[in-house]
Amino acid sequence: MFRIRHATAADAAALAELGERTFRATFAAHNDPDDLEDYVGKTYGESQQRAEIEKAGSVTLLGEDDGVLIAFAQLRRAPSPHGDVEIARFY
């Protein structure tokens, strides 16, 4: 059964793994390996994901299929002329 739910701090490790795996599959072939390692190291670590989940003004939604994490979206407040919400990630 597919469901969407809000992430909690307990989801940080699974979210970090899915985010890194998806990013590598999508962008590894088009980036310098050293740059890629630097980026994923800063962006998809468990502590970084926990901080993003807990950040005020931010929402992380998880998509699960039979309890398996398959997708996520991170939304955050970002005032602009076009609105006040930005889709930061949609995987």
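## Helices, sheet and salt bridges

Glu20 has a relative accessibility of 25% and therefore counts as partly exposed, since that class lies between the buried limit of under 20% and the exposed limit of over 50%. The model described here is predicted.

Glu20 shares a salt bridge with Arg24. Both residues belong to helix 1, where they are four residues apart, about one turn of the helix. An α-helix has 3.6 residues a turn, so residues three or four places apart point the same way. Arg24 is partly exposed as well, at a relative accessible area of 24%.

The search of the whole structure gives ten salt bridges. Three of them are listed here.

| Salt bridge | N to O distance |
|---|---|
| Arg5 and Asp11 | 2.8 Å |
| Arg24 and Glu20 | 2.9 Å |
| Arg76 and Glu86 | 2.6 Å |

The Arg76 and Glu86 pair links distant parts of the chain, with Arg76 in strand 3 and Glu86 in strand 4, ten residues apart. Arg76 is partly exposed at 38% relative accessible area, and Glu86 is partly exposed at 32% relative accessibility. Through shared partners, salt bridges join Arg3, Arg5, Asp11 and Glu64 into one network. Within this network, Arg5 and Asp11 are both buried.

Next comes the sheet. Four strands make up an open sheet in the order 1-2-3-4, with antiparallel pairing. Strand 1 (2-6) and strand 4 are the edge strands, each pairing on one side only. On average, neighbouring strands of this sheet are turned by 25° against each other, direction ignored. Five bridges connect strand 1 and strand 2 in the antiparallel sense. Arg3 stands opposite Glu64 in strand 2.

Two helices can be placed against these strands. Helix 1 lies across strand 2 and strand 3, and runs at about 90° to strand 3. Helix 3 packs on the sheet and touches strand 2, strand 3 and strand 4, its direction making about 115° with that of strand 2.

Which residues of helix 3 are buried? In this helix (residues 46-54), they are Gln49, Glu52 and Ile53. These residues lie on the same side of helix 3 because they cover an arc of only 100° around the axis. Ser47 and Glu54, on the other side of helix 3, are exposed. The cover over the buried residues of helix 3 includes helix 1 (12-27), helix 2 (33-43), strand 2 (58-65), strand 3 (68-80) and strand 4 (83-90).

Definitions and conventions:
Residues are numbered from 1 along each chain as its sequence is written. This is a predicted model: local features need pLDDT of at least 70, side-chain atom pairs count only at pLDDT 80 or more; totals for chains, interfaces and linings use all residues. Side-chain values use heavy atoms; hydrogens and water are left out. Buried means under 20% relative accessible area, exposed over 50%, partly exposed in between (1.4 Å probe, protein chains only). The arc is that of the directions from the helix axis to the C-beta atoms. Contact means heavy atoms within 4.5 Å. Two strands pair if DSSP finds at least two bridges between them. Axes are lines fitted to C-alpha atoms, for helices over the stretch in contact, and angles run from 0 to 180 degrees between N-to-C directions. A salt bridge is a side-chain nitrogen of Lys or Arg within 4 Å of a carboxyl oxygen of Asp or Glu.
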